[in-house]
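User: I am new to this structure and would like a close look at a single helix and at what surrounds it. Please take me through it slowly, and show the reasoning behind each step.

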Amino acid sequence: MHSPQAEPISDHADQADAALREGFGPRVRKLHARIGRAHHQAEGMPFAKALLDDQVSPLQLAALVRALGAPYAFLEQQLPEAAAALGASAAPWPHLARTAVLAHDCAQLATLPATPPSAAAAIWLEQLRVLAQQAPHRLMAHVYVRYGGDLSGGQQLAAHANAILESHQLPALDFWAPRKITCCGDGSTIMSSQGNESHGLPPAGFRIFRGALLVF
């Protein structure tokens, strides 16, 4: 007997997304159920809604990738130490690193005017610095949510963002590549469409999943 199909986590999910979710283990299903309402609310935020409606300018997209650079760099610099503190022998998900990709995207959009620093990104970065010192499992939860959100559900944003850039004769962003990732089984392994299977969650995986609820 098949269990009832869960409500889609996104207002913009398609049949392929639903099929992928059928392979999720119980922890990922529980995570999706818990963050589903917040995810729908996030899609209704002004920037996300404007992007999904193709109403964002190239300069706004440039501001986005520029703002993400420092927090992602910090997360990925801290990842090995945080993973070791949680009992892992190696940092998880090395194939998903975004720091170099974001730097490349910023260079690709360097012809656009400068944008002011993001106050929200600065606040987030300061929070990450605190977590790196005090709660490595919560720092790891940020990594998990960013990779899972930006590289999986974020594909819906990627299609709109790159179409906008193309319409202005600007290069597409590589930030959202690999084009699709999914959590396999209980979510401790992430698989990309490029065929790269990442390292799994460290032994404190359950605490990371609980932290992911707070992050979202």
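Analyst: The expected span of a helix is 1.5 Å times one less than its number of residues, and that rule gives a simple check on helix α6 in this predicted model. Helix α6 covers residues 119–134, and its 16 residues should therefore span 22 Å, which agrees with the 23 Å that separates its end C-alpha atoms.

Which residues of α6 are buried? They are A121, W124, L125, L128 and L131, where buried means under 20% relative accessible area. Seen down the axis of α6, these buried residues fall within an arc of 120°, so they line one face of the helix. The face turned away from that buried side carries exposed residues, namely A119, I123, Q133 and Q134.

From here the view can widen to the setting of the helix. The chain has 9 helices and 2 strands, and from the N terminus on its elements run α-α-α-α-α-α-α-α-β-β-α. Of its 216 residues, 43% count as buried, and among contacts between residues at least 6 apart in sequence, 72% join residues at least 24 apart.

The largest nonpolar core has 38 residues, and those with the most contacts inside it are L61, W93, L109, L139, M140 and Y147. Helix α6 supplies at least two residues of this core, as do α4 (58–85), α7 (136–153) and α8 (155–167), while the largest share, 10 residues, comes from α4. L139 shows how α6 is joined to its surroundings: leaving aside residues up to four places away in sequence, L139 touches L128 and L131, two residues that are among the buried ones of α6. The other residues that L139 touches are F74, L75, Q78, A82 and A132.

The aromatic residues add to this picture. A search of the whole structure finds 3 aromatic pairs. One of them joins Y72 and F175 in an edge-to-face arrangement, with 5.7 Å centre to centre and 80° between the planes. Because Y72 lies in helix α4 and F175 in the loop between α8 and β1 (181–184), this pair ties together parts that are 103 residues apart in sequence. Y72 and F175 are both buried. F175 also forms an edge-to-face pair with W176, at 5.4 Å centre to centre and 65° between the planes, and W176 is buried as well. Together with Y147, the residues Y72, F175 and W176 form one aromatic cluster, and Y147 is also one of the residues with the most contacts inside the largest nonpolar core.

Charged side chains complete the view, with a count of 2 salt bridges. In one, the side chains of R146 and D150 meet at 3.0 Å, N to O; both residues lie in helix α7, 4 residues apart, which is about one turn of the helix. R146 counts as partly exposed at 22% relative accessibility, whereas D150 is buried, with a relative accessible area of 12%. In the other, the side chains of D53 and K49 meet at 3.4 Å, N to O. Here D53 is partly exposed, with a relative accessible area of 41%, and K49 also counts as partly exposed, at 45% relative accessibility.

Terms used
Residues are numbered from 1 along each chain as its sequence is written. This is a predicted model: local features need pLDDT of at least 70, side-chain atom pairs count only at pLDDT 80 or more; totals for chains, interfaces and linings use all residues. Side-chain values use heavy atoms; hydrogens and water are left out. Buried means under 20% relative accessible area, exposed over 50%, partly exposed in between (1.4 Å probe, protein chains only). The arc is that of the directions from the helix axis to the C-beta atoms. A nonpolar core is a set of buried Ala, Val, Leu, Ile, Met, Phe, Trp, Tyr and Cys residues joined through side-chain atoms within 4.5 Å. Contact means heavy atoms within 4.5 Å. Rings of Phe, Tyr and Trp (its six-membered ring) pair if their centres lie within 6.5 Å; planes under 30 degrees apart count as stacked, over 60 as edge-to-face and the rest as tilted. A salt bridge is a side-chain nitrogen of Lys or Arg within 4 Å of a carboxyl oxygen of Asp or Glu.
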